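Me: I'm new to this one and would like a close look at a single part rather than a quick tour. Pick one residue, start there, and then walk me outward through whatever connects with the story.

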Amino acid sequence: MSRHATLTLLALLIRASLVLAEGPPADSPAKAPGAAAERKASTVIHDPGAREKLLGEHLLTLQWIGWERPGKATVRIEDGVLLLKGEQRGKENGDFLAIEGRITQVWEKEFRFSGRIETQVSYINGGKPCAREGEVTFRITGKRRYWRLKEMENPCEGGNLVDYVDIFLR
C-alpha cells in the first residue's frame, strides 16, 4: 500500500472512531430525553485508594443543623459511575440538608461532585430551601477526617454566609 493510501486509511479510521465516541446524533431516538441508551461518563479515578474510602456509608453534616445529629450519605457504584446520595434532618423546624448526584473525579484528598445540594434552615434565607446545582469540589485539608464542600458561600444569602457541608470518613 502506498504512503498516501495508508495515511488516507488512517485518517478515515480516526474519523470513524471520533464519530463512534460522540454517540448517536442529537436527534436520534437514543438521545431522546429519558432514553435508556443515554449513559453518563464513568467516574475518573486518579487514586484507587481514595475511591475505596468513598464507597459505602458516611456521616453527613451541615453546621447549622448540628454535628450532634449527623445524617447519612451513601456512595455506590453503578455502571462505572460513583453516585452520592444523602440527607441530614434537623430535630425541629423542618431543617434539612439533601445531596444527590454523581462523583465525576476522585483524587487522594478530594473529589468533584455534579448534582444538587439543597439546604433549609429556619433562620437562613427566610426559612426557604436553598439549592446549589452543578459541579463542586469536596476536599480533605490538613489532618481532617472529612471532605468539606469547597464552595462554601451560601448562594441564597449573597455571599454573606458560609455552609460547612461535611462528609465524614468511615
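Reply: Let's start at Thr-104, which counts as buried because its relative accessibility is 11%. Here "buried" means under 20% relative accessible area, "exposed" means over 50%, and "partly exposed" covers what's in between, using a 1.4 Å probe and protein chains only. Before going on, keep in mind that this is a predicted model, where local features need pLDDT of at least 70 and side-chain atom pairs count only at pLDDT 80 or more, while totals for chains, interfaces and linings use all residues. Residues are numbered from 1 along each chain as its sequence is written, and side-chain values use heavy atoms, with hydrogens and water left out.

Thr-104 sits in strand S5. Strands (DSSP runs of E, at least two residues) and helices (runs of H or I, at least four) are numbered from the N terminus. So what does the Thr-104 side chain touch? It makes a polar contact with the side chain of Glu-135, at 2.8 Å. A polar contact is a pair of N or O atoms within 3.5 Å; within protein, one must be able to donate a hydrogen and the other to accept it, and residues adjacent in sequence count only if both atoms are side-chain atoms.

Glu-135 has other company too: together with Arg-112 and Glu-151, it's linked in a network of salt bridges. For a salt bridge, look for a side-chain nitrogen of Lys or Arg within 4 Å of a carboxyl oxygen of Asp or Glu. Searching the whole structure turns up 11 of them.

Arg-116 is a good one to follow from here. With Glu-133 it forms a salt bridge whose closest N and O atoms are 2.5 Å apart. Arg-116 belongs to strand S6 and Glu-133 to strand S7 (residues 130-139), so this pair ties together parts that are 17 residues apart in sequence. Arg-116 also meets the side chain of Glu-118 in a salt bridge, at 3.4 Å from N to O. How open are these three residues? Arg-116 is partly exposed at 33% relative accessibility, Glu-118 is buried at 19%, and Glu-133 is exposed at 62%.

Another pair worth finding is Arg-148 with Asp-166, where the closest N and O atoms of the salt bridge are 2.7 Å apart. Arg-148 lies in strand S8 (residues 146-149) and Asp-166 in strand S9 (residues 165-168), so the two tie together parts 18 residues apart in sequence. Both Arg-148 and Asp-166 are buried.

For another buried residue, hop over to Gln-88 in strand S4 (residues 81-89). Its relative accessible area is 1%, so it counts as buried. Its side chain has two backbone oxygens to find: a polar atom of that side chain lies 2.7 Å from the backbone oxygen of Gly-66, and the side chain reaches the backbone oxygen of Arg-69 at 2.9 Å.

Now follow the chain into the loop between S4 and S5. Asn-93 is placed there, and its phi is near 65 degrees, a positive value in a residue other than glycine. Gly-94 is in that loop as well, and it's partly exposed at 41% relative accessibility. The C-alpha atom of Gly-94 is separated by 7.5 Å from that of Gln-120, although they're 26 residues apart along the chain. In the loop between S6 and S7 you'll find Asn-125, which isn't a glycine but has a positive phi of about 55 degrees.

The loop between strand S5 (96-106) and strand S6 (110-120) holds Lys-109. This lysine is partly exposed, with a relative accessible area of 39%. On the surface, Lys-109 gathers with Lys-53, Lys-143 and Arg-145 in a patch of positive charge. Patches take residues with over 30% relative accessible area and no salt bridge, joining like charges within 9 Å and nonpolar side chains (Val, Leu, Ile, Met, Phe, Trp, Tyr) within 5 Å.

To place all this in the whole chain, count two helices and nine strands. Read along the sequence, they follow the pattern α-β-α-β-β-β-β-β-β-β-β. Of the 170 residues in the protein chain, 33% are buried, and Thr-104, where we began, is buried too.

Methods. Areas by Shrake-Rupley, 256 points an atom, 1.4 Å probe, with all protein chains shown as cover. Lys, Arg positive; Asp, Glu negative; His and termini not counted. Charge placed at Lys NZ, Arg CZ, Asp CG, Glu CD.
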